[in-house]
Every structure is written in structure tokens, then in C-alpha cells.
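Hello,

Please find the structure below. My notes on what was found follow it.

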Amino acid sequence: MKEITGTTVLTGLLGSPVKHSKSPLMHNKAFELLDLDYRYLCFEVGTEGLRTAIEGLRTLGVRGFNLTMPNKNLMCELCDKLDIGSEISGAVNTVVNDNGVFTGYTTDGKGFMRAAIDAGVTLPGKKMVLLGAGGVASAILVQAALDGVAEIKVFSIRDGFFSRAEKLVSQINEKTSCKAYLYDFDDESVLKNAIAEADILVNGTSVGMAPKVDGCVIKDEYFRDSALFRPSLVVSDVIYEPAETKLLRLAREAGCPTFNGMYMLLYQGAESFKIWTGCEMPTEEIKKLFF
């Protein structure tokens, strides 16, 4: 890897928690493989410190950075410009700095859809149940709709994301051919019926992520119902630490094909990498080393 010099370009990740992140390994190795004078670091920053951090990064001339939980929605308000995916989803996970102008992008949805292909899952024309309405879930919802998923039923608790999700679902129905619906997560009968009719169930929340690995967004009893969790239902989790969440373990034991958020991380990172550098990330080499 190149020595750090006065011309080394800084990129990084802002979120909380970030100590588990594989992004520094992935990006720094890609920089090395392409002989680019860049570095990628993690910064433990939540929403309470995000505005101050962003102004600091702007002043320092940082080239770009990623956002992870819980910062993706707030970052939308702090960018000077947004790509179409971020405008619709209300979430930003990638920012590029062009002479002090911060442009926000969402690459999570593209990463998820490409990861599904890697897992052998064909989603266009299918029915999806999406759990959560935060930054990651919103990005998946938008990209899945744009890529031809026929129906997406979103389930969210009635928190601060719910009213924003109502607007997002309305935009999806207005601007795409996908039929999108939003339901209260506590409506168990609707949730069960949706899972029974779905081709894929996606957890877009942080429930089950390290260190709280005992969490599961779905009740244990649901997995014992063969009308819900069955071999024709693919179950995915955006979480990659742990590699197999409780949700994925119980789904696998019920006979469902599963895939986690690891390749979503890789492919959303590859999109960010290209935005910052103009180069394609050598994803096959990165897979062999870290995935």
C-alpha cells in the first residue's frame, strides 16, 4: 500500500456502532490493488454529532464518506444535492465532496439487488415483504420497485419513520409499476398473510445485529408455521454481523433459502468506490480476501 503523504485522499464511514465494519478492509485493499493514494477510516458518530462532523469534513476537504445507522436519513438534510434515489427514499449512504459541494447518493438498494442475483434469487415480477422503513429499508424499497419487483408490502412500527414511509409508498405507486403498501408491524394477521403470499422476506432493520444477537424481528412461533416459512420463501437480512442472525438461522431451519447483508455491503461499497474514484472496485478480488 502507498505510504500516507500530504496528498493522500481521505474517505470514511460515519455511524454508530462502526467498530464491526468491514468497510475499511474492503476499501483500503481496493485502493491498494488499484495503486490509488486513498485511505478509508471509521468514525463513531451518531445523529447527535453528525452536523458538527459534516462541517468538519467539509472544512478538511475529505473526498467522500459513507453513512450507516443511524445517520442515513438526517444526512439527506445536510447535503447540497441529492441523486434521484436519495430524493425518493429520503436516505443517503454515500457522499462525494466536489470542491465543497456535498452530493448524496443511495447505493444500498443497488447493492441489495446485486447481492440477490449473486444468491441466485430473481426478484423482478415477484412479491416482497420488507420489514422496516428506515434508511436501508427505504433504499431497498426504491431500488426494488425501479428494478421491477411487482409488489412490496412494508411493515413498520409507528415511529418517526412511519409518516415518511407513507409518502415514500405513495411515490412508488405514482412513479413505478410496482404496487407498494404500508402496514403497522403490530397487525399480526396482515403480516402473516403477507408472508404466506410472499416470494421473499427482507429484514431491513437493525434487530439482531451485533452485539444484540439474540434479537429477532419475527416471533419464534411464526417459524413453526409451514404456511409461512417454507422452501419457496427466500429470507434475507441486511445485517452481516453476525453472518447468520437469529432470523436467518430460524428461517434456514424451517427450510427457507437465506442470504445475509455481506454481498450487499460489498456491492454498495463498490458503487461508492466508483463515485469517489471514478474506478471500478475489483470486487472479485475483494470477495476472495474478505467474503
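I start with serine 177, which sits in the loop between α7 (162-175) and β9 (179-184). This is a predicted model, so please read what follows with that in mind. Serine 177 is exposed, at a relative accessible area of 67%. Its C-alpha atom is 7.3 Å from that of alanine 150, although 27 residues separate serine 177 and alanine 150 along the chain.

A second loop residue, cysteine 79, has the opposite setting. Cysteine 79 lies between α3 (72-78) and β4 (81-82). Its relative accessible area is 12%, below the 20% cut-off, and therefore cysteine 79 counts as buried. Leaving out neighbours within four places in sequence, the residues in contact with cysteine 79 are Val92, Val95, Phe102, Thr103 and Gly104. The C-alpha atoms of cysteine 79 and isoleucine 54 are 9.3 Å apart, with the two positions 25 residues apart along the chain.

Asparagine 260 is another loop residue, placed between β12 (258-259) and α10. Is asparagine 260 buried or exposed? Its relative accessible area is 18%, so asparagine 260 is buried. What does the side chain of asparagine 260 reach? At 3.0 Å it reaches the backbone nitrogen of methionine 262. A polar atom of the asparagine 260 side chain also lies 2.8 Å from the backbone oxygen of alanine 243. Apart from residues up to four places away in sequence, asparagine 260 touches Asp237, Ile239, Ala243 and Leu248.

Next, the helix that follows that loop. The axes of α10 (residues 262-277) and α11 (residues 283-290) come within 11 Å of each other and cross at roughly 145°. The crossing is right-handed. On the α10 side the contact is made by Tyr263, Leu266, Tyr267 and Ala270, and on the α11 side by Thr283, Ile286 and Lys287. Sorted by class, this contact of α10 with α11 has 5 nonpolar, 1 polar and 1 charged residues.

Both helices also turn up in the surroundings of α1. In α1 (23-33), the buried residues include Ser23, Pro24, Met26, His27, Asn28, Ala30 and Phe31. Among the elements that cover the buried residues of α1 are β1, β2, β3 (64-67), α10 and α11.

On the nonpolar interior: the largest nonpolar core has 53 residues. Those that touch the most other members are Phe112, Leu123, Met128, Leu130, Ile140, Ile152 and Ile200. The largest share of this core comes from α10, with 8 residues. Phenylalanine 112, one of the residues named above, touches Leu123, Met128, Ile140, Ile200, Val202, Ser236, Phe259 and Met264, again not counting residues up to four places away in sequence. There is also a second, separate core of 23 residues, which includes Phe229, Leu233, Leu247 and Cys256. As background, nonpolar side chains in soluble globular proteins tend to be buried together.

The remaining items concern backbone geometry. Most residues other than glycine have a negative phi, and most peptide bonds are trans. The following positions are worth listing against that background:

- The peptide bond from serine 16 to proline 17 is cis, with omega near 5°. Proline 17 is in the loop between β1 (9-15) and α1.
- Alanine 210 and proline 211 are also joined by a cis peptide bond, with omega about 10°. Proline 211 belongs to the loop between β10 (200-203) and β11 (234-237).
- Aspartate 35 has a positive phi, near 55°. This residue comes just after α1, in the loop that leads to β2 (38-44).
- Asparagine 99 has a positive phi near 55° and is not a glycine. Asparagine 99 is in the loop between β5 (94-98) and β6 (101-105), and is exposed, with a relative accessible area of 83%.

To recap the loop residues by burial: cysteine 79 and asparagine 260 are buried, whereas serine 177 and asparagine 99 are exposed.

Regards

Key:
Residues numbered from 1 in each chain as written. Predicted model: local features only at pLDDT ≥ 70, side-chain atom pairs only at ≥ 80, totals over all residues. Heavy atoms only, no water. Axes fitted to C-alpha atoms, helices over the stretch in contact; angles between N-to-C directions. Helix = DSSP H or I, 4+ residues; strand = E, 2+ residues; numbered from the N terminus. Left-handed = near helix turned anticlockwise from the far one by under 90°. Contact = heavy atoms within 4.5 Å. Nonpolar A, V, L, I, M, F, W, Y, C, P; charged D, E, K, R; others polar. Core = buried A, V, L, I, M, F, W, Y, C linked by side-chain atoms within 4.5 Å. Buried < 20%, exposed > 50% of the residue type's maximum accessible area, 1.4 Å probe, protein only. Polar contact = N/O pair within 3.5 Å; in protein donor to acceptor, adjacent residues only side chain to side chain.
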